[in-house]
Amino acid sequence: MKKISAIVCLIFFVHFSYGNNDLIISKWLITEPLNTLYPAFHDTKNVDGEKFSNRELLVFEHTCLGDIQPSEGEIFGWISGQTSKWTEKPVDEKGFLNFEANDPAIYPQMAFIAVYLKADRWTEANLVIKTPHMAQVYLNGKALGKKTTVEQEQSTLGKITQSLKLKKGKHLLLIKSLYTPGNTLNWKINAILKPGEGFRIADLDIDTKPYRTKTINDILNGIKVSWVKPSPSGELYAVAYREAKPPEGDQENWIEIKNRNDKSLVHSFRHASISGLQWLPKSRAVSYITRDNNKSTLHILDFEKGKTLTLLEEVERMGNYRWSKDENFIIYSVTEDNKDDPDHIKHVLGMQDRQAQWRNRSFLYYLCVNSKTTHRLTYGNLTTNLHDISPCGKKILFSHTWPDYQERPFYKHNIYLMDINTLTVDTLWAEKKWSVSGQFSPDGEYILFTGGPDAFDKAGRNIPEDMFANNYDTQAFIYNPESEKIKAITIDFNPSLRETHWNPVDNNIYMTAQDRDKIKLYRYDTGIDRFSEIPTAVDVVSGIHFSTGSPVAAYMGEGMSKPSSGYWINLRNDRPEVMEDTESFNYRYVGFGENRKWDYQTSQGLDISGRMYLPPDFNEERNYPLIVYYYGGTSPVSRRFGGRYPFNLWAGQGYVVYVLQPSGATGFGQEFSAAHVNNWGITVADEIVESTKAFLEAHPFIDRNKIACMGASYGGFMTMLLLTQTDIFAAAVSHAGISSISSYWGQGFWGYSYSALATADKYPWDSPEIYFDQSPLFNAHKVNTPLLLITGDEDTNVPPGESVQMYAALKILGKPVELLKVIGQNHHILNYQKRIEWNNAILAWLDKWLKEQNEWWNEQFPKKNF
């Protein structure tokens with residue numbers, strides 16, 4: 001991976017002109033001619049009466065060409081142990097690349113040539129390749145065309161002609177050339193690019209260096225690390241990998257066990273379909289589940305004894321499981337399907353009953369490891385949610401949740417303690433409004449709960465009395481079951497909690513927490529009641545796992561220009577180190593531009609945190625189009641590397657990207673996050689517009705006439721709302737946005753429950769100032785900016801109708817608008833191929849309005865005569 005700043009190396013090539021607008025490829029990366037073997041009995045006719053042909057030799061894939069990225073000096077491996085270094089070579093004065101065959105009378109020879117085609121915009125071009133010999137052409141690893149004949153005379157050249165459609169960026173052109181025994185024709189190749197109609201030769205260039213900008217394929221392809229889990233001793237670790245295979249994106253997931261010291265392989269679960277892998281709390285062993293249809297079998301792989309044991313066999317509809325600290329028993333859940341789910345007319349039994357499988361219930365079971373006997377722990381009409389098992393193994397902490405439409409947030413919760421031996425149940429809290437999640441302290445004397453500021457009768461609130469708390473701003477509480485006292489330990493701690501762990505090794509509480517646009521790791525010293533930040537070497541920490549017996553932890557970490565990797569940290573000296581890094585190879589030739597922090601104080605005195613992503617070839621003297629991105633809802637846009645909205649990819653397309661965090665987001669303190677409640681853009685829209693205008697004033701390299709705004713979900717709502725209040729944007733994109741707050745409130749699966757937190761004690765029938773005035777649909781006549789609306793046509797969170805009705809309004813009003821439905825997708829676009837098309841559609845829309853380049857959009861969505 002390379003960091004590219006304002007200083008850029010410029011590589012110039014001599015361009016030969018075959019026509020007024022032709023570009024001959026004048027320099028290549030080449031391999032030496034490599035011996036290729038015919039199979040045994042190749043002269044014998046097969047069952048169809050045919051001998052093995054040179055054509056079959058040409059098209060046979062001896063090696064995976066889709067995975068290579070040639071670079072001068074790198075080794076190319078071939079059959080029979082042959083290797084060759086990629087070497088840069090110019091063409092001759094006639095534009096031909098020439099080879100000298102080795103032992104042409106004995107072996108067929110294969111040579112490979114490569115060059116990178118650089119497109120400064122989406123463009124069309126025709127590729128013409130001339131050679132007297134057989135050849136096959138690849139673009140970005142995909143076979144384009146081939147020539148399977150050999151000419152008879154020196155003066156004759158056969159051709160391969162292909163039409164190319166190139167997205168902005170670099171594209172690998174690779175040619176495989178076959179020289180057959182006994183051939184006396186000169187071994188030469190010539191390649192010409194002819195820009196398509198309406199395109200310029202200035203939009204194309206060639207390069208022999210693989211360095212490029214980030215693409216959607218970088219995000220999706222290659223081996224990725226999902227998580228790392230340390231063993232109790234810290235001597236071993238488990239690591240989960242995933243890999244999507246183009247072109248369809250079939251994904252392989254697997255787990256490996258490795259030695260901590262040298263990362264050597266201990267055991268691989270590759271090609272084995274397992275789930276739920278856990279380290280046993282004390283042993284050098286892991287447990288995992290295999291599934292056959294809906295039946296699950298629980299296994300133990302003991303590395304000390306070198307054998308596998310089966311604990312549970314063919315449990316139907318088994319869910320999660322948890323080990324007791326002494327490894328004597330397991331608590332697991334089983335789901336019971338509701339039989340009363342009609343096919344024709346369904347009587348809906350409450351808002352949750354709109355969701356598939358809501359009528360199913362899950363209950364807890366106990367497995368004795370030694371005797372392999374089981375018994376049922378819970379029953380009834382409510383799902384039982386296990387929180388934790390006490391360190392002594394005598395009690396479990398669990399909860400019930402059920403709907404209550406009489407008051408917000410329209411749920412009630414009970415928290416219980418159960419005696420494992422007698423199955424007697426004590427109720428800790430009954431009919432509480434705000435949900436919490438709990439875990440025992442290492443000595444079992446206390447319980448650490450996490451929940452919103454209003455939990456435990458508003459014990460975690462740190463805002464003025466006249467404000468509603470944002471209950472997505474997660475707090476931590478220590479509860480003493482004996483005294484029934486609650487201690488809100490994060491009440492003066494601004495970051496919002498993500499993950500918490502009360503560590504038995506040192507009795508400290510560790511937590512990952514959203515701090516502004518970063519997710520950091522903190523330690524709460526229970527002895528002195530003090531928080532301290534732990535250095536992690538990354539901007540965003542996630543998926544942290546702690547060893548149960550040694551002072552180490554493992555986590556995933558990433559940053560704005562740092563791909564996700566697996567990290568290991570010693571909690572005694574707080575020193576992190578990279579344990580699993582597959583992305584450095586995947587991104588070895590990808591360059592990123594500079595990232596800059598840019599904060600702004602509004603005219604109301606509010607501090608708005610922001611940052612910008614600059615193009616890799618950024619030049620202060622040029623003018624750039626700008627993308628403004630925000631969420632505007634209850635969480636900030638973090639500094640993640642990839643994600644569905646990859647800012648450094650957009651910057652690589654020639655855009656400056658400005659990401660800002662308006663009021664209402666967690667991670668900035670409770671008063672800042674509480675501004676989200678009952679706002680729905682009332683102040684947030686002004687904050688975005690004012691901050692954007694200030695950004696323009698501070699950065700003269702931005703083209704003020706070429707600015708786009710973009711957001712998804714609540715951010716999609718903000719996009720629509722902004723367009724009803726300002727014309728500073730030249731284009732906009734709203735993915736899964738809300739156009740009518742009242743219809744989202746009633747139709748979205750979680751609309752009314754989300755609104756219970758975001759629209760506190762306000763409803764469509766009594767608060768038109770929110771549900772009507774702040775709904776973009778009822779202000780659609782004010783929109784003038786070209787708007788792209790995108791929705792998954794199976795979205796259950798923000799129903800597709802939210803985009804459809806805004807589209808209908810703008811169409812009737814004669815405003816520039818387009819609507820894309822991603823077929824078979826929900827709130828997030830997860831299908832591999834559809835995600836690529838979705839990404840390309842967004843970029844094409846931006847190119848159309850910010851770069852005045854319509855061709856890519858028209859290629860994807862040609863006009864129809866309906």
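How many of the eight residues of helix α10 (residues 751-758) are buried? In this predicted model, eight of the eight are buried, so helix α10 is largely enclosed by the rest of the structure. The buried residues of α10 are Gly-751, Tyr-752, Ser-753, Tyr-754, Ser-755, Ala-756, Leu-757 and Ala-758. Their cover includes three helices, α8 (714-723), α9 and α11 (768-771), together with the strand β31 (411-419).

The loop that runs between β52 (731-735) and α9 (741-747) holds Ser-740, a residue that counts as buried because its relative accessible area is 4%, where buried means under 20%. Beyond its neighbours within four places in sequence, Ser-740 is in contact with Ser-775, Leu-777, Phe-778, Glu-802 and Gln-805. Another serine, Ser-638, is placed in the loop between β49 (624-629) and α5 (647-652), and with a relative accessible area of 13% Ser-638 is likewise buried. When residues up to four places away in sequence are not counted, the residues touched by Ser-638 are Gln-514, Asp-517, Val-540 and Arg-611.

In soluble globular proteins, nonpolar side chains tend to be buried together. The largest nonpolar core here has 51 residues, and of these Leu-626, Trp-680 and Met-718 touch the most other members. A second, separate core consists of 46 residues, among them Phe-199, Leu-220, Val-657 and Trp-856. Outside the four places on either side of it in sequence, Leu-626 has contacts that include Val-656, Val-657, Tyr-658, Phe-695, Leu-696, Ile-702 and Leu-850, and Lys-706 is also one of the residues touched.

Nonpolar residues also appear at the surface, where Leu-37, Ile-106 and Tyr-107 make a nonpolar patch of about 280 Å². Within this patch, Ile-106 belongs to the loop between β8 (97-99) and β9 (109-119), and its relative accessible area of 56% places Ile-106 among exposed residues.

Side chains of opposite charge can pair when their charged atoms come close. The count for the whole model comes to 46 salt bridges, and the examples described here differ in the accessibility of the residues involved. Lys-412 and Asp-404 meet through their side chains at 2.4 Å, N to O, and both residues are buried. By contrast, in the salt bridge between Arg-704 and Glu-697, with an N to O distance of 3.0 Å, Arg-704 is partly exposed at a relative accessible area of 43%, whereas Glu-697 is exposed at 58%. A further salt bridge joins the side chains of Asp-847 and Lys-851 at 3.5 Å, N to O, and in this pair Asp-847 is buried, with 3% relative accessibility. Salt bridges also link Glu-243, Lys-245, Glu-252 and Arg-270 in a network.

With regard to the cysteines, a search of the whole structure finds zero disulfides. For Cys-392, the closest cysteine sulfur is that of Cys-368, and because the two sulfur atoms are 16 Å apart, they are too far from each other for a bond. Cys-64, for its part, is partly exposed, with a relative accessibility of 45%.

Conventions
Residues numbered from 1 in each chain as written. Predicted model: local features only at pLDDT ≥ 70, side-chain atom pairs only at ≥ 80, totals over all residues. Heavy atoms only, no water. Helix = DSSP H or I, 4+ residues; strand = E, 2+ residues; numbered from the N terminus. Buried < 20%, exposed > 50% of the residue type's maximum accessible area, 1.4 Å probe, protein only. Contact = heavy atoms within 4.5 Å. Disulfide = S-S within 2.5 Å. Core = buried A, V, L, I, M, F, W, Y, C linked by side-chain atoms within 4.5 Å. Patch = residues over 30% accessible without salt bridge, like charges linked within 9 Å, V, L, I, M, F, W, Y side chains within 5 Å. Areas by Shrake-Rupley, 256 points an atom, 1.4 Å probe, with all protein chains shown as cover. Salt bridge = Lys/Arg side-chain N within 4 Å of Asp/Glu carboxyl O.
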